[in-house]
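Hi,

Here is the structure I said I would pass on. Have a look at it first, and then read my notes on the charged pairs underneath.

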Amino acid sequence: MTNLLSQTWFIALMSVTLIGAVLSAVHHAEVIAHKTGEPYGTLVLSISVTIIEVSLIISMMLTGHEGSEFIARDAVFATVMIVINGVIGLCIFMGGLTHHEMTFRNEGTNSALAVLTALATFILVMPIVTISTPGPDFTKSQLAFAGIASFALYIAFLFFQTVSHRDYYLPKTEDKKTDINFHALKPSNTKTAFSGALLILSLITVVGLAELLSPAIERGVAAAGAPKTIVGIAIALLVLMPEGFAAVRAAKANRLQSSLNLALGSALASIGLTIPTVAAIAIFFNLPLSLGISDLNMTLMYLSFFIGALTLAIGRTTLLQGVVHIIIFLEYLFLSLVP
């Protein structure tokens with residue numbers, strides 16, 4: 001009994017520390033974002049979290065535990081579903097409650113969604129339909145090509161977002177007028193550098209605590225008799241907390257453009273950086289890697305992309321669109337528990 005209580009208190013302490021680390025990461029990411037401007041600011045948080053997420057996935061793969069070959073697949077698919085439905089849905093819903101209707105540049109968001117659809121198809125669907133290997137797996141050559149193609153497509157998107165068409169990812173003129181952050185003085189170089197260091201420390205803390213909490217999550221999932229994919233969803237939720245919190249906070253401040261940049265950028269980085277790295281590690285160390293998703297998850301994913309395309313088509317959102325995405329997200333969670 002004493003051991004159980006001590007474990008409970010330890011888990012509670014880690015959870016409180018995790019929330020503090022998330023809030024710290026969001027604050028320092030916003031300082032950097034205010035210094036660099038859009039879309040570079042949101043890009044900093046997206047890539048920072050993704051790099052550390054890659055380290056977490058690789059460390060779990062190298063342990064060789066049962067089911068380790070599915071970790072990358074579960075994490076990437078969960079990230080896509082959480083971002084497209086959970087984060088974007090909550091941003092539109094929470095922003096809609098306050099502002100009724102919000103605007104954004106649909107040129108940029110549509111481009112990001114197109115790239116995300118292609119990336120998800122390359123990695124999560126193609127293994128199902130290829131015939132060189134049985135089951136949801138790539139051959140080594142197919143895996144290598146998929147990793148290279150994903151990285152190339154992500155780099156092309158970064159060039160489009162930050163160089164050739166940066167204006168597509170900037171707030172509309174009418175939104176800039178009401179954005180207090182746009183008109184406030186930019187932080188000094190010293191403060192920005194300090195926030196950059198603390199952002200990295202906060203993100204390492206978030207992922208480290210997520211890894212420490214994962215055994216407790218696994219035990220809880222096993223005790224409940226739930227599918228093992230729930231572990232991947234729980235870890236993805238923990239890792240995405242800083243980005244999700246920052247995106248919702250921006251939406252409530254009527255900065256939906258920043259929210260969408262952050263959300264879609266996170267999903268793109270999750271595939272465009274994670275898969276090439278994981279593929280290289282799997283090939284080099286001859287580790288098993290299974291990326292293909294089930295027919296059920298494929299249906300949910302393409303439903304999400306279809307509804308997402310409709311939501312992002314006109315550059316204007318209302319509360320109803322947020323509700324639709326949230327319901328799809330809840331459907332995803334329920335069917336993950338009861339497939």
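**Salt bridges and their surroundings**

Let me start with Arg-105, which counts as buried because its relative accessibility is 17% and the cut-off for buried is under 20%. Keep in mind that this is a predicted model. Arg-105 has a salt-bridge partner in Glu-107, with 3.1 Å between the closest N and O atoms. Glu-107 has a relative accessible area of 32%, so that side of the pair is partly exposed.

How many salt bridges are there in total? The count is three, so there are other pairs to go through besides the one above.

Next up is Arg-316, whose side chain meets that of Glu-101 in a salt bridge, at 3.0 Å from N to O. This pair ties together distant parts of the chain: Arg-316 sits in strand S2 (residues 316-318) and Glu-101 in strand S1 (residues 101-103), 215 residues apart. Are these two buried or exposed? Neither label fits: Arg-316 is partly exposed because its relative accessibility is 36%, and Glu-101 is partly exposed too, with a relative accessible area of 42%. Both values fall between the cut-offs of 20% and 50%.

Then there is the salt bridge between the side chains of Asp-74 and Arg-73, at 3.1 Å from N to O. Here both Asp-74 and Arg-73 are buried.

When you open the model, you could go through the pairs in that order: Arg-105 with Glu-107, Arg-316 with Glu-101, and Asp-74 with Arg-73.

Cheers

Conventions. Residues are numbered from 1 along each chain as its sequence is written. This is a predicted model: local features need pLDDT of at least 70, side-chain atom pairs count only at pLDDT 80 or more; totals for chains, interfaces and linings use all residues. Side-chain values use heavy atoms; hydrogens and water are left out. A salt bridge is a side-chain nitrogen of Lys or Arg within 4 Å of a carboxyl oxygen of Asp or Glu. Buried means under 20% relative accessible area, exposed over 50%, partly exposed in between (1.4 Å probe, protein chains only). Helices (H or I, at least four residues) and strands (E, at least two) are DSSP runs, numbered from the N terminus.
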